[in-house]
Amino acid sequence: MADLLLGKPVGDGLSEATAAQVEELKERGVQPTLAIVRVGERPDDLSYERGACKRAEALGIEVRKFVLPAIGDILPGPKGDGPAQIASSLERQLFDTVERINLDPSIHGCLLLRPLPEGVNEERICNALRPAKDVDGITAASLAGVFMDTGVGFPPCTAQACVEILDHYGINPEGKNIAVVGRSLVIGKPVAMLLLARNATVTLCHSRSADLPAICREADIVVYATGRPRAYGLEYFANGQIILDVGINVDEEGNLCGDVHFAEAEPVVEAITPVPRGVGSVTTAVLMRHVVEAAARA
């Protein structure tokens with residue numbers, strides 16, 4: 001039976017250190033502040049926002065919300081604007097909102113809840129944010145910092161959360177063979193770069209990788225991040241492995257589950273992050289640490 005790599009003790013440890021930093025900054029007259037930009041009332045956005053606000057309040061970090069209407073809630077103009085014109089209007093509002101945050105010295109970090117509505121140029125909006133306030137690694141400059149190891153900006157919070165879990169449980173990636181399944185800019189590619197920076201040997205895999213089960217079985221550590229519920233079963237696992245399951249999915253019965261078929265992995269591998277109670281519970285703790293680091297840099 002595998003050891004469970006629970007996220008709560010990792011997040012609690014990060015939060016304890018972050019709370020101490022918040023107090024130090026407040027003594028110097030600095031109130032760490034996070035801006036949250038949200039479009040509409042999507043349930044997943046609201047859930048993440050609630051978690052972030054709860055964590056921020058517990059740590060003494062101020063949160064300012066910038067909420068814009070969803071496209072379906074924007075009334076057409078006097079000329080009867082169509083969907084393209086409405087999306088363009090929303091994009092301008094988002095751009096202006098991000099610019100307000102950039103220019104406000106009392107705001108140290110910005111969380112832009114994504115994906116943005118169809119028709120909005122998400123890349124343009126993300127890259128409008130200054131890297132110094134990009135606490136979730138969404139700008140090209142921040143990602144370049146991760147890939148070039150320059151320290152510019154911050155890595156995506158979920159990718160960083162994977163590394164924090166390994167550190168907390170004393171799992172040193174140096175010299176390990178690590179397979180990362182998924183090549184998104186949100187998790188797959190940045191976590192591969194973070195692990196390379198820790199001297200791991202990383203294989204970045206995807207849907208077209210030949211004999212993916214064999215690649216995964218041969219790895220010491222495997223990070224699954226494809227957003228496919230229970231897609232990876234028994235043929236992917238080997239004795240002694242460490243499994244980080246980043247997927248957060250909803251199955252046909254409405255239950256949260258990961259990318260990994262937990263019931264098939266747990267009797268085989270050495271340790272695994274469960275879903276829920278795994279990587280996701282560390283992400284907001286990493287976000288708050290980034291906000292405080294941004295405040296200290298500012």
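How many aromatic pairs does the structure hold? In this predicted model, the structure holds 3 aromatic pairs, and they offer a convenient way into the fold once the chain as a whole has been described.

The protein chain is built from 10 helices and 11 strands. For its 298 residues, a compact globule would be expected to have a radius of gyration near 19 Å, and the 20 Å found for the protein chain agrees with this. Along the principal axes, the C-alpha atoms fill a box of roughly 65 × 50 × 35 Å. Of the 298 residues, 49% are buried, and among contacts with a separation of 6 or more, 70% are between residues 24 or more positions apart. The accessible surface of the protein chain amounts to about 14000 Å², with carbon and sulfur atoms contributing 51% of this area. As for charge, the chain carries 28 positive and 40 negative charges, whose mean positions lie 5 Å apart.

With that outline in place, we can return to the aromatic rings. A pair of aromatic rings is described by the distance of the centres and the angle of the planes. Tyr224 and Tyr232 form a tilted pair, with 4.8 Å from centre to centre and 35° between the planes, and both of these tyrosines are buried. Tyr224 also pairs with Phe237, and because the planes of these two rings stand at 80°, with the centres 6.5 Å apart, this pair is edge-to-face; the angle that counts as edge-to-face is anything over 60 degrees. The pair links distant parts of the chain, since Tyr224 belongs to strand S7 (residues 221–224), whereas Phe237 sits 13 residues away in the loop between S7 and strand S8 (242–245). Buried is the term for residues under 20% relative accessible area, so Tyr224, at 0%, is buried, and Phe237, at 5%, is buried by that criterion as well. Taken together, Tyr224, Tyr232, Tyr236 and Phe237 form one aromatic cluster.

A second place to look is Thr18, a residue of helix H1 (residues 7–27). Thr18 has a relative accessible area of 0% and is therefore buried. If its neighbours within four places in sequence are set aside, Thr18 is in contact with Leu59, Met288, Arg289 and Val292. By contrast, the C-alpha atom of Asp211, which is 193 residues from Thr18 along the chain, is separated from that of Thr18 by 43 Å.

Notes
Residues numbered from 1 in each chain as written. Predicted model: local features only at pLDDT ≥ 70, side-chain atom pairs only at ≥ 80, totals over all residues. Heavy atoms only, no water. Helix = DSSP H or I, 4+ residues; strand = E, 2+ residues; numbered from the N terminus. Rg over C-alpha atoms; globule rule 2.2 N^0.38 Å. Buried < 20%, exposed > 50% of the residue type's maximum accessible area, 1.4 Å probe, protein only. Contact = heavy atoms within 4.5 Å. Areas by Shrake-Rupley, 256 points an atom, 1.4 Å probe, with all protein chains shown as cover. Lys, Arg positive; Asp, Glu negative; His and termini not counted. Charge placed at Lys NZ, Arg CZ, Asp CG, Glu CD. Phe/Tyr/Trp six-rings, centres within 6.5 Å; stacked < 30°, edge-to-face > 60°.
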